[in-house]
Amino acid sequence: MGWLQTTSLRNKLIFITMVTSAVSLLLASSVFVMRDFARLRDEKTAQLEVLARIVGNNVASALLFQDPESASETLESVIADDSVMCAHLFDAEEHAFSEFSRRPSLAHGHRFDVVGREGHHWTMQGLEVIEGIYQANERVGTVMLYSRLDEFWMSLVINVTIVGLAMLGSLLVALVLSRSFQTVISAPILRLVDMMRNVSAARDYSVRATTENGVELNRLVSGFNEMLHEIEARDHELKKHSEGLEEEVEQRTGELTRINHDLMSEISEREKVEEERQVLTTQLMEAAREAGQAEVATGVLHNVGNVLNSINVSATLIHEKLNSPRVEGLQKASELLRDREGDLTGFLDEDPRGKKLPKYLTQLGEQLGIERKEALTELSAMLEGLEHIKTIVSMQQSHAKSVGLIETIAVSKIAESSIAIIQPSLDRHRMAIFREYEEVREVETDKHQAIQILVNLLSNAVNATKGNRQGNRSITIRIRQKDDETASWQVIDNGGGLEPDKLTRIFQYGYTTRVEGHGFGLHSGALAAKQLGGSLNAESDGPGTGAIFTLELPFRGPDQGSSPESD
């Protein structure tokens, strides 16, 4: 329809008229053709059915007396319609009795079972009529007639041709009339278009269009004239405004000059302020750098101090094991055996001390093996603590905010590594540790930062609980999946608890509830948790009810491409 959108109004009107007329004529012609088709079909069917009844009446006696030759002669003499190509007779048992055909090939091709097919049957090539033959209300046979439809289709083609020619003639008449009548609508509009072009070219807005016949055209002309009047009035105002424009420009130019002078003065003042701001910024950055270095030192000392407490306990236990009286007993037994080296068999068999010596050595060996195993365990804890100290120093080299290696690790492994570091302090204060682990998928995070946060929480829990009476000192570490994106570790103690107003203050730098504390551990832990994309918070029902510290980290690690936020 691109042509219809770009063509002239005259052609559009003619096209619309012709399409409307064509559709209307096509619908009307279709109705006439369909009615003619139905009429011809009904006439052909009725004609063949009447002929079938006549044939049935004439051959009934031949069927009763079983005389096929007489039936064939009757068929040939009765069927005078040239369109009937063949006829078949069947007896009462539907067996072929007699036939007549103008073409033997058609007769052979129409021998088929007629049981249950009584009536007429249309195909594209022909019409079949099957009628029962009755004698005294008793069915004595069946007749089938087959007629070609050449004349039927020829009549239908002639009718369609006549209707098509009539439709074509009507369209030609409609074209002539539409070309004549379209000027009633298009001519006034085209005159208005010409006037619009003249006004646009000459810019003479004083002309007016004359009225036309028809309400709609008069409205269009009136609207066009009102538009010209409005344009003429605005053109007059524009000319008046142009006359005083030069004076206004000079006035505005003076104002702009004054504004520019004031602006230059303000820019000069702002440049001075900017220089002073840069000096202050440099001083503040230097002060922040020094403060950051101090905070790094504080963080290193605090985190290393937590680990050194555990290392100190392990070293003390190893020292006690090495200074055990059992080692002196082993030395005395060795001296006793060396003194009796010449008569070792008699000493072991007869001397009372010699008889006890093997059992003593056996028990001493077992005990020393146990102490050796315990010493190796403590030594492993010391080595892990020293490795953790090394990691702490590396992590704190950039204002305690350096993002370490992000790795995929089991949530429970982070908890167990933290417990292993703090285990000497737990043993020293005879504290029970309970584990409540759910099945949680692995997290992507900085393992050492996460372990350091949990070590701080466990160390605080030990300090909060060690004042309880013996047997009532316990810490629970609980692992949960908060939601599809977050894992959580909870450190639960049964210590002194916290007042409600302290639940958020304890994360501020320098605030502490312990006499020997310095208020950096929880502060640095909260910053580290935020850097890892998580959070650290505390819960308590009040003094004497214990406390719950919860570390939450995302399963997917923090964005390595972004720098951590400053606090």
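pLDDT is the predictor's confidence in each residue, on a scale from 0 to 100. That score matters here, since this is a predicted model. Averaged over the chain it comes to 76, with 74% of the residues at 70 or above. Residues 106-111 fall below 50, though this stretch still has 13 contacts in the model beyond near neighbours in sequence. Residues 560-567 also stay under 50, and here the model shows ten contacts beyond four places in sequence. Where pLDDT is low, the predicted coordinates should not be read in detail.

Now to the sheets. One is an open, antiparallel sheet of five strands, ordered 2-1-5-4-3. Its edges are taken by strand 2 (96-101) and strand 3 (119-122); each has a single partner strand, so one side of each has no neighbour in the sheet. From one strand to the next, the twist averages 15 degrees. Strand 1 (residues 84-91) runs antiparallel to strand 2, with five bridges between them; among the residues involved, His88 has Glu99 of strand 2 as its bridge partner.

Another open five-stranded sheet follows the order 7-9-10-12-11, this time with mixed pairing. Strand 7 (432-437) and strand 11 (535-539) sit at its edges with a single partner strand each, so one side of each is left open in the sheet. Neighbouring strands are turned against each other by 20 degrees on average, direction ignored. Strand 9 (residues 474-483) and strand 10 (residues 486-493) are antiparallel and share eight bridges, with Ile477 partnered by Val491 in strand 10. Helix 13 (residues 447-465) packs on this sheet, touching strands 7, 9, 10, 11 and 12, at about 20 degrees to strand 10. Helix 14 (residues 521-531) lies across strands 11 and 12, at about 135 degrees to strand 11.

Technical notes:
Residues are numbered from 1 along each chain as its sequence is written. This is a predicted model: local features need pLDDT of at least 70, side-chain atom pairs count only at pLDDT 80 or more; totals for chains, interfaces and linings use all residues. Side-chain values use heavy atoms; hydrogens and water are left out. Two strands pair if DSSP finds at least two bridges between them. Helices (H or I, at least four residues) and strands (E, at least two) are DSSP runs, numbered from the N terminus. Axes are lines fitted to C-alpha atoms, for helices over the stretch in contact, and angles run from 0 to 180 degrees between N-to-C directions. Contact means heavy atoms within 4.5 Å.
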